[in-house]
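Thanks for coming. I have one model to go through today, and I will keep to what can be read from the coordinates.

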Amino acid sequence: MRSKNYQDHLQKRLDVQEIQNLERQARLEHESLRMLQNDIATAVAKHMEETGMGFNDVARGLGVSASQVAKIKKAEANLTFASVAHIAAFLGKRPHLSFK
């Protein structure tokens, strides 16, 4: 018999505690991603304000499209560590990741 949905599948395979742990982990992962995206968005926005740079200037400096810069500024970009390092270098900053 096939599971009707993912929740049914989980309940058949895992106990309640395991499901709760997975849900907690997923919430933490989502919150962590949002925090990182917001930190980067804030740094880019501050740099743009301080230097008077526009979207196209930042896009040229980063070698990305203006729409990607917009995603970064809206904290919607899904960035790799390499992208974060590239952005940090462009901003003249060193990123620091800490676990709390």
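**Salt bridges, a pocket and a few distances**

I start with K46 and E50, whose side chains meet in a salt bridge, at 4.0 Å from N to O. Before going on, I should say that this is a predicted model. K46 and E50 both belong to helix α2 and sit 4 residues apart, about one turn of the helix. E50 counts as exposed, because its relative accessibility is 58% and the exposed class begins over 50%.

How many salt bridges are there by this rule? The count comes to 3. As background, side chains of opposite charge can pair when their charged atoms come close.

Another of these bridges joins D57 and R60, with the closest N and O atoms 2.8 Å apart. Both residues are in helix α3, which covers residues 55–62. Their spacing is 3 residues, again given as about one turn of the helix. Is D57 buried, partly exposed or exposed? D57 has a relative accessible area of 31%, so it is partly exposed. R60 has 61%, and therefore R60 is exposed.

The bridge between K74 and E76 has an N to O distance of 3.8 Å between the side chains. K74 is classed as exposed because its relative accessible area is 52%. E76 has 49%, so E76 is classed as partly exposed; the boundary between these two classes is 50%.

Now the residue between those two numbers, A75. A75 lies in the loop between α4 (66–73) and α5. Its phi is positive, about 60 degrees, although A75 is not a glycine. For context, most residues other than glycine have a negative phi. A75 has a relative accessible area of 3%, so A75 is buried.

Next, the largest pocket. Its volume is about 1,100 Å³. Which residues are closest to its centre? Of the 32 lining residues, these are M35, L36, D39, H96 and L97. Two or more residues of the lining come from each of the elements α2 and α5 (81–91). Helix α2 gives the largest share, 14 residues. By residue type, the lining divides into 17 nonpolar, 7 polar and 8 charged.

L36 deserves a second look, since the name comes up again at the surface. L36, F81, L97 and F99 form a nonpolar surface patch. Together these four have about 520 Å² of accessible area. So L36 and L97 are in the patch, and both are also among the residues closest to the centre of the largest pocket. L36 itself is found in helix α2, residues 16–51. With a relative accessibility of 42%, L36 counts as partly exposed. For entry into a patch the requirement is over 30% relative accessible area and no salt bridge.

From L36 I can move to distances between C-alpha atoms. L36 and V84 are 48 residues apart along the chain, and their C-alpha atoms are separated by 9.7 Å.

A88 is placed in helix α5. What is the C-alpha to C-alpha distance between A88 and V44? It is 8.9 Å, with their positions 44 residues apart in sequence. A88 has a relative accessible area of 7%, so A88 is buried; the limit for that class is under 20%.

Q68 is in helix α4. Q68 and N78 are 10 residues apart in sequence, and their C-alpha atoms are 9.9 Å apart in space. Q68 counts as partly exposed because its relative accessibility is 23%.

The last pair is D15 and K73. D15 is in the loop between α1 (6–13) and α2. D15 and K73 are 58 residues apart in sequence and 41 Å apart in space, C-alpha to C-alpha. D15 has a relative accessible area of 42%, so D15 is partly exposed.

To recap: the model has 3 salt bridges by this rule, and its largest pocket has a volume of about 1,100 Å³. Helix α2 gives that pocket 14 of its lining residues, and L36, in helix α2, is part of the nonpolar surface patch. That is the end of the tour.

Definitions and conventions
Residues are numbered from 1 along each chain as its sequence is written. This is a predicted model: local features need pLDDT of at least 70, side-chain atom pairs count only at pLDDT 80 or more; totals for chains, interfaces and linings use all residues. Side-chain values use heavy atoms; hydrogens and water are left out. Patches are made of residues with over 30% relative accessible area and no salt bridge: like charges are joined within 9 Å, nonpolar side chains (Val, Leu, Ile, Met, Phe, Trp, Tyr) within 5 Å. Accessible areas come from the Shrake-Rupley method with a 1.4 Å probe; for residues, only the protein chains shown count as cover. Buried means under 20% relative accessible area, exposed over 50%, partly exposed in between (1.4 Å probe, protein chains only). On a 1 Å grid over the protein atoms alone, a cavity is a set of points where a 1.4 Å probe fits but cannot get out, and a pocket is an open set with protein on both sides within 12 Å along at least five of seven lines; lining residues have an atom within 4 Å of a point. Grid points are joined across faces, edges and corners, and a volume is the space filled by probe spheres set on the points. Ala, Val, Leu, Ile, Met, Phe, Trp, Tyr, Cys and Pro count as nonpolar, Asp, Glu, Lys and Arg as charged, and the others, Gly among them, as polar.
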